[in-house]
Structure formats: C-alpha cells, structure tokens
Amino acid sequence: MSAITYELLHIDKNSGARRGVVHTPHGDIQTPIFMPVGTQATVKAMTPEELKEEVQAQIILSNTYHLYLRPGHELVKEAGGLHKFMNWDRPILTDCGGFQVFSLSDLRKIKEEGVEFTSHLDGSKHFFSPERVMEIEEALGADIIMAFDECVKYPETYEYTKQSMERTTRWAKRCKDAHTTADRQGLFGIIQGGFYEDLREQSAKDLIAMDFPGYAIGGISVGEPKEEFLKMLKFTAPLMPENKPRYLMGVGSPDYLIEAALAGIDMCDCVLPTRIARHGTAMTSHGKVVARNACYERDFTPLDSECDCYTCRNYTKAYIRHLINTKEILGVRLLSIHNLRFLTKLMDRVRIEIENDNLLNFRDEFYKNYGYTKE
RNA sequence: GGGUAGGUGGUCGAGUGGUUAAUGGCACCAGACUGUAAAUCUGGCCGCGAGAGCGUACGAUGGUUCGAAUCCAUCCCUACCCA
C-alpha cells in the first residue's frame, strides 16, 4: 500500500477541473490545494499554530537543500523527524533541491552522477546525487518527497532541455530504486522538458512507466510570459495519470492558481504570498494592495473588506502601513497571515465551484474583481 | 567681551578653485518579486520640461578669478571654552 493515494470526488463538467482528496500518513488534503512554503522548517514569520488556526493550511512544504545544510538532516531525524522538530502534525512535502539547481546556478556543477553545490552559506562543497537526496528526504520524514530533478531555466535550447530532461528521468529511476520508505513516504516524479511539447510528452511517458504515487510539473513558472506558462500547463496536465495527485510546482498568484485548477492540477506551492507579505504587499479580492504606499496613510479600513482573516478582522491598512514602514515584525506577520489565508480561502472557494461545475464562471468573475485582464 | 570649531539639498554628512545639480547613509516616493541565497532588490528623490535643455542652489552681502560650495572682507547665526 502506497503512503499516498488519491481519491477523485468530482470533475467540473464545464472545465475538467478535479475535486479530490489526497490521503497521507498525517491526514487528508482536500484538493485543489495551495501549500505554503516553509523552506527552513518554518513558514517565515508564522507559528504552526497560526498556520492551522488562522490560515487553515492543510499541508506545508519544506526544503531538502536548506535543511541538509542547516541544521542537518541527521539532527532533524534525531529530533524525531521534521513534524516533531517543528511541531506540525499535518502533512509535509519536501522539495528535493532541484529548484536550487536552478536558483543557485552560479554555485553548482551538474554531472550525470549528480550536482556539486558550493554552499551559499560558507562556500563549502556538497554533492547531491539522487541516492543522497533520498537519504536526506527519508531522514527528514515528510509525507510526500520529491525525486531529484533539474529545474531548467527559461529560455533554454531544445538540445540542452532534452538532455537535461533525460537525465532527470534517469535520476528519477535512481531515486525510486534508492527509496526505502515507500510505506510511509510517497515519492513523486517531476515532469520536465522545458517549453517543448514533445519533451514534456516524453518525460511524462517515461516517468509514468515508473509508477510513482504522484506526479509534478516542474520547470514552468520560471519567468516565462503567462501565455507560455498556460500553453505548457494545458499541454502537460492531461498527460498525467488521473488516479494520482498532480502537483504544479512553484505557482502562487491567484490567477495562476485558478488556471492550474482549471487544467486539472491538485496541488500548488509558492513563496509568493509570504515573500510579498514581507515586502509590504497584500493580495486581496480587489487586486494587489501595496500596503506601504502613501495612499493608505489614512485608510482606516481592512486590507480586504471580504476577508475573514485575523489581520482583516482586527487591523487597518493605515496601521499595517505604519508597521511595515517602521520595519516592525508585526507588519510582516499580519501581512503573511492575510496573504496565506487569502490563498487558502481562494482554494476553498475553487473546490466549491468545482463541485458546482462552475469554476470557469468563477474565474471570469474573479479576474474582473481582481483587475486581471483575461489571459 | 575674548577664544575655538562650525554653518552644504528633508535629514545626517562628504567635498575644500574647474569633469559639482553637488559622493554616501537615512528618510521619503514608486516598481519588481511565483518548487525562498529575498523582512530583499531596482529606480526616483531642487523647480519647470516628454526631451535636449533652461532656471535657481552650498548662512547673507560684496569682492578676487576666465571660472567659487571651495579663496578674501564684512555681517548674521550655532556649539563649546575662558571672563
């Protein structure tokens, strides 16, 4: 029995979006879902209690690379695993370090065997092979663990993307072979292939043949125009098995999340809501509110009149602007709570609209209120 | 009353005869951020102008000089010390 299983509840008759449940060793996840990112065993500025009670997050992400460097996966294991270490008893997903192959591109060398990183902390050398990544992710003990991949930049040549994708596929096989905890950790494969349809197709086919309990789309939402993103998303999602979770990596703006659900994606994660919160911006049902801006100096209304979050129930834009401008920690915390709650609530709504076969209409209405121009 | 050190753009503070509308920091204003090297980064920040540019500006006034925030004279103001 796999640690991770997917139960399909309903398909939106008008869009094909999926409403489902992912069963994990630490409980169920209602999908589609947005997963807050807590790279270093913490969703920045949030306590796990706030994530549960105020944000109502069902699952969070953490990161192999960062936790391997500090405090070290052995230490986390000694603490009783990541759940216990950080006092979070709901599901956790660990990313594999594949994104760091992309984001730390000046600090690493890729070979067939794996990737050599120069630590961004102290310049020390570290080698990540698929086998090593499995060892680390198993020590961390997340419910869902990701196979080691390379997230290719945009744009990239066909030739490079092809050989990278093929290597990621070989690495996925090595991860699967090295994986020893399939009874309590579900290993997901990551579809690569850049912005080339035939490569995406090949990647999906080869990974599906390996029979992972779930699949992710990686390597999109890496700075390409929205049009390119949507094209690749809509091409790739239907290639993924229907009876397993489908995870789109690195997506977190409201429009991308809705588009992902429409494409039949079940899970997304992103640093965006917490990052822009720290930088003074809120996502609201009426579009972005840059709370730092002078126009809110005397605005004694909540960030979002339609929001039920702790921040909106208790604080005004004028106060939050003051906190952000004076660099008070509370400003960052209040905005983080709001943004995360905004997205979890958005996904609550998306699930309801799917059940009502109405996600397309909701998308249009949401775009209009948010101020997005359609596609 | 005497002495010493000073007065620079919102502020602190460089500059001490030309390439200076004047380095930096802060404050202020705006933008970016999408599997977190990010409580970060980028841009703007005298006025007018889309721009080339024009006008005004380094306490005040006058002077030296081809040219002054920078040199000189007088005055005003500030801080500290002595009486």
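Start by selecting Leu 323 in this predicted model; Leu 323 counts as buried, because its relative accessibility is 4%, under the 20% cut-off. Leu 323 sits in helix α13, which runs over residues 317-325. Show what surrounds this side chain: apart from neighbours within four places in sequence, Leu 323 is in contact with Glu 328, Leu 330, Gly 331 and Leu 334. Then add Gly 280, which is 43 residues away along the chain; its C-alpha atom and that of Leu 323 are 9.6 Å apart.

Next, select Ser 285, in the loop that connects β15 (281-284) with β16 (287-290). Ser 285 counts as buried, because its relative accessibility is 11%. Leaving out residues up to four places away in sequence, Ser 285 touches Asp 304, Glu 306, Phe 342, Asn 369 and Tyr 370.

Now go to the nonpolar interior. Which members of the largest nonpolar core touch the most other members? They are Met 146, Tyr 247 and Leu 248, out of 99 residues in that core. Helix α14 (residues 329-355) supplies the largest share of this core, eight residues. A second, separate core has 14 residues, among them Ala 277, Ala 291, Leu 303 and Ile 324. In soluble globular proteins, nonpolar side chains tend to be buried together.

Stay with Tyr 247 and display its contacts. Beyond its neighbours within four places in sequence, Tyr 247 is in contact with residues including Met 35, Leu 61, Leu 93, Met 146, Phe 188 and Tyr 215. Ile 217, Met 240, Met 267 and Asp 269 are also among the contacts of Tyr 247.

From here, select Asp 149, in the loop between β10 (144-146) and α7 (158-178). What is the nearest side chain of opposite charge to Asp 149? It is Arg 200, at 8.3 Å, and Asp 149 is buried with no salt bridge. The side chain of Asp 149 does make a polar contact of 2.7 Å with the side chain of Gln 192. Gln 192 is also one of the residues that Asp 149 touches beyond four places in sequence, and the others are Cys 96, Gly 98, Val 101, Thr 168, Trp 171 and Ile 190.

Helix α6 (residues 130-140) is the next selection. Eight of its 11 residues are buried, so the helix is largely enclosed by the rest of the structure. The buried residues of α6 are Pro 130, Val 133, Met 134, Ile 136, Glu 137, Glu 138, Ala 139 and Leu 140. Move just past the end of α6 to find Gly 141, with a positive phi of about 85°.

Finish at RNA strand B. There are 41 residues around this strand, and Ser 103, Cys 151, Met 249, Gly 250 and Val 271 come nearest. Of the RNA atoms within 4 Å of the protein, 48% belong to sugar or phosphate, and the rest to bases.

Three side chains are worth labelling here:

- Asn 63 has a polar side-chain atom 3.0 Å from a phosphate oxygen of RNA strand B.
- Gln 100 has a side-chain N or O atom 3.1 Å from a sugar or linking oxygen of RNA strand B.
- His 279 has a side-chain N or O atom 2.8 Å from a base oxygen of RNA strand B.

To see the surface near RNA strand B by element, colour β5 (60-63), α5 (98-103), β14 (267-270) and α11 (272-278), which each give two or more residues. The element that gives the most is α11, with five residues.

Terms used: Residues numbered from 1 in each chain as written. Chains lettered and ligands numbered in written order. Predicted model: local features only at pLDDT ≥ 70, side-chain atom pairs only at ≥ 80, totals over all residues. Heavy atoms only, no water. Core = buried A, V, L, I, M, F, W, Y, C linked by side-chain atoms within 4.5 Å. Buried < 20%, exposed > 50% of the residue type's maximum accessible area, 1.4 Å probe, protein only. Helix = DSSP H or I, 4+ residues; strand = E, 2+ residues; numbered from the N terminus. Contact = heavy atoms within 4.5 Å. Lys, Arg positive; Asp, Glu negative; His and termini not counted. Salt bridge = Lys/Arg side-chain N within 4 Å of Asp/Glu carboxyl O. Polar contact = N/O pair within 3.5 Å; in protein donor to acceptor, adjacent residues only side chain to side chain. Near = heavy atom within 4 Å.
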